[in-house]
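User: Hi! I am new to protein structures and would like to learn how to read one, feature by feature. Could you walk me through this one?

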Amino acid sequence: MKRAHWMGGVCAAMVVGLGAAALAQPADPWRNARLSPDQRAELLLQRMSLDDQVALLHGHFPIIMRPPPEGVPASAGYFPGQPRYGIPAIHESDASLGVANAGRGDKDDAAPLPSGLALAATFSPELAFQGGAMIGKEARQKGFNVLLAGGANLARDPRNGRNFEYLGEDPLLGGVLDGASIRGIQSNHIVSTAKHYALNDQETARGSLSAVIGEAAMRESDLLEFEIAIKSGGPGSVMCAYNRVNGTYACENPALLNGALKRDWGYPGWVMSDWGAVHSLDAAMAGLDQESGQEADRQVFFDAPLRAAVKDGKFPAARVHDMARRVLRSLFAQGVIDHPLRPGGLDTRADLEVSGRVAEQAIVLLKNSPGLLPLAGGAGKIAVIGGHADVGVISGGGSSQVIPVGSVRFPSPKGAPSWGGGIIYHPSAPLKAIRARSRGEVAFADGSDPAAAAALAKGADVAVVFATQWSTEAMDIRLKLDDEQDALIAAVAAANPRTIVVLETGGPVAMPWLDKVGGVLEAWYPGAQGGEAIAKVLFGEVGPSGRLPLTFPTDEDQLPRPELPGYTAAAPEGPTMTQGPPLQVHYDEGSDVGYRWYAAKGLKPLYPFGYGLSYTDFRYGGLKATGGNGLSVSFTVTNTGSRSGTETPQLYLAKGPRRAQQRLLGWSRVVLKPGETRRVVIAANPMLLADWSEAGHRWKRDAGRYRLFVGANAADPALKGEAMLTGAALAP
Ligand code: BGC
């Protein structure tokens, strides 16, 4: 109706006045899909009033609105449509692990993926794309056209309570996988979001802390992950973070927004704020384009105050135009405008399969005593113990939480954020999946009585202990299981050394019982099919192929900051979100995050980055390195065992022309039959061979000798080599 009115009114009058040439123009030229997204956005903006443009720049937070606007799901974000221009309403939902916030509580039929760390452990861009494509499809089917997915903050501190949402400690691995996931999501004509830009690397005091770090260090670490993800994934939007960076809030930080993101990387999309992260209108001049969830801010900055500032000549109308253009440009580019939402048609069963595939490839075998795993599936007795394995698998809390039908809730610890109403177990019980695969007796003890669990283990051929660690947005974690679980594992292992520990954790944990147990599997938060995936790996239906996307330290003393800044066990969320003087967190390790820190300090972690065993063995050989204007290597990998298996050889820089510096340069995933040999080629990512030059404001590669190695993890220089490279400068 409104559109007809517009065409019959203003437009008809214009056409009359403009004569025959104009008559050939379509009435709404921006609807012409043959024009570029930039042209279409520009044409549309020419017709939009200031008020109409500003309406694109501030949105609602329906979940906290009482009541939410009619017909709008109680989700994270909502912008009313502008039908006269064909601009649909924008419905935003969290997040990277599936469609959360769909407003249907426990009856949600969404399919949760395993955690981001689990995805990262696959080292597979293909699976990242498939997972993204699945949750993007569900988002569309559930009526969302912007998914707040694409979380990729570097695991600079393994205690960050949101690490489970992210993709580990390496900027190349995380950036490549995030880019692939974003492409998958956006293959559904919806927008995906890279977040939280940048250095939101701990949750404690996230609303006020200032991450203190030098320019080169930041460019070569946290920003590099975003640069790779954004350039390869092309997200329609980027969400700026809660914290400050070098004293200035990330959402009003010109160096991050106008500087690195928009000027240097040429990012054409829009920057949205995190929810409650806007503190002033100045943010708009620093590069923030859109105020999200305005009900969470102290006041709505990007509506009346913005319009008034433009009218008073205090804020340039051209910048409003630019802000709105960026939003429209992404909506055109991703097909949001050309492909309106038609909710419905969800096929949860098919989607669960995608989730299960990721989980199966994500599980990391950390320890396996000879002959223990895989389980034979014969007539022996299996004792399954603890971890609510009779109910399901644990998941992470916070805005990314998906609560599918059949989930079971347990109380969260005192003082923890109450999102989701407790600790959610996804309904895929490992006990049931183990029983389905065993021809012998499978007995269960819930682990609440360690003596009873030990007695059960003693009479069994093998004991499988499930240990869980919950983590959530807005709270950081310790690198350990709770004391009861450590004691339980020790008691069971003392009773039966054929004990296998299955970890379902948000990240690394210390393993004081490691020497006493026979096997350890890290299953992360394995998602909707987690129990099945774990059982498949235990019984060897699927060979373990996951690799650690972050280092497992022996304990917190090995970390750059043994004490987590601001953290106290009594109030793990630390100082309040936004009040008070900012807590300064000095990232003096610079870009030596994770395994680079261990290499630089000569520390031996519990398990290195990239580590993971298989049910077969591999041998590497025949390294050839080619230098010049780029670096590539080739080498052979042979499966020397008796089962098929997947190996993930990794190429690392060990030493540049000037100094020792370890960096992941590339990797490959090879599936080999017993006895099979394959020649593998890995080309180094050029950005990882360069350093950021603050003086030259660009990436610079020194000429000279580069020492490298290929191995099965960051601490395994199986094949050493070197190559001479020319010097080069790369534009940012
Ligand atoms: C989180 C974001 C999320 C937003 C909307 C914030 O608390 O940091 O990741 O997208 O809420 O739910």
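**Reading strands, cores and contacts**

Analyst: Happy to! Let's start with a pair of strands: β11 (residues 382–385) and β16 run parallel and are joined by four bridges. Within that pairing, V384 stands opposite V464 of β16. Please keep in mind that this is a predicted model.

User: Which strand pairs with β16 over six bridges, and in what sense?

Analyst: That is strand β17 (residues 499–504), and the pairing is parallel. Here V464 has I500 as its bridge partner in β17. You can follow V464 from one pairing to the other: V384 is opposite it in β11, and I500 is its partner in β17.

User: How many residues of β16 are buried?

Analyst: Start with the general idea: in a regular strand, side chains alternate between the two faces of the sheet. Now the case here: seven of the seven residues of β16 (residues 462–468) are buried, so the strand is largely enclosed by the rest of the structure. Both of its faces are covered. On one side lie V462, V464, F466 and T468, and on the other A463, V465 and A467, all of them buried.

User: What about a sheet with edges? Which strands stand at the edges of the sheet β20-β21-β26?

Analyst: This is an open sheet of three strands in the order β20-β21-β26, paired antiparallel. The edge strands are β20 (618–626) and β26 (677–683); each has a single partner strand, so one side of each is left without a neighbour in the sheet. From one strand to the next, the twist averages 20°. Looking at one pairing, β20 and β21 (residues 632–639) are antiparallel over seven bridges. There, A625 stands opposite V633 in β21.

User: Next, the inside. How many residues does the largest nonpolar core have?

Analyst: The general idea is that in soluble globular proteins, nonpolar side chains tend to be buried together. In this model, the largest nonpolar core has 72 residues. Those with the most contacts inside it are Y197, L256, L288, F302, L306 and L328. Helix α13 (residues 317–333) gives the most to this core, with seven residues. There is also a second, separate core of 64 residues, and F635, W699, V710 and A714 are among its members.

User: I have heard of disulfides. Which cysteines does one join here?

Analyst: In general, a disulfide is a covalent bond between the sulfur atoms of two cysteines. The count here comes to one disulfide, and it joins C240 to C251, with 2.1 Å from S to S. The link is right-handed, with 105° about the S-S bond. C240 is in strand β6 (residues 237–240), while C251 is in the loop between β8 (248–249) and α10 (255–264), eleven residues apart.

User: Are those two cysteines buried or exposed?

Analyst: Buried means under 20% relative accessible area. C240 has 0%, so it is buried, and C251 has 1%, so it is buried as well.

User: How do I read aromatic rings? How many aromatic pairs does the structure hold?

Analyst: It holds 15 aromatic pairs. Take W692 and W699: they form an edge-to-face pair, 5.5 Å centre to centre, with 75° between the planes. W692 is buried, with a relative accessible area of 5%, and W699 is buried at 1%. Ring pairs can also link up, as in the cluster of F123, Y595, F609, Y652, W667 and F709.

User: Which charged residue lies over the face of W692?

Analyst: That is R219, at 4.1 Å from the ring centre. Elsewhere, the charged end of R156 sits over the ring of Y587, 4.8 Å from its centre.

User: Last one: how many residues apart in sequence are S115 and G356, and how far apart in space?

Analyst: They are 241 residues apart in sequence and 12 Å apart in space, C-alpha to C-alpha. S115 is in the loop between β2 (90–93) and α5 (116–121), and at 3% relative accessibility it counts as buried. Now set another pair beside it: V336 and R707 are 371 residues apart in sequence and 47 Å apart in space, C-alpha to C-alpha. V336 is in the loop between α13 and α14 (348–362), and at 2% relative accessibility it counts as buried.

Definitions and conventions
Residues numbered from 1 in each chain as written. Predicted model: local features only at pLDDT ≥ 70, side-chain atom pairs only at ≥ 80, totals over all residues. Heavy atoms only, no water. Core = buried A, V, L, I, M, F, W, Y, C linked by side-chain atoms within 4.5 Å. Buried < 20%, exposed > 50% of the residue type's maximum accessible area, 1.4 Å probe, protein only. Helix = DSSP H or I, 4+ residues; strand = E, 2+ residues; numbered from the N terminus. Disulfide = S-S within 2.5 Å. Phe/Tyr/Trp six-rings, centres within 6.5 Å; stacked < 30°, edge-to-face > 60°. Lys NZ or Arg CZ within 6 Å of the ring centre and 35° of its normal. Pairing = 2+ DSSP bridges. Axes fitted to C-alpha atoms, helices over the stretch in contact; angles between N-to-C directions.
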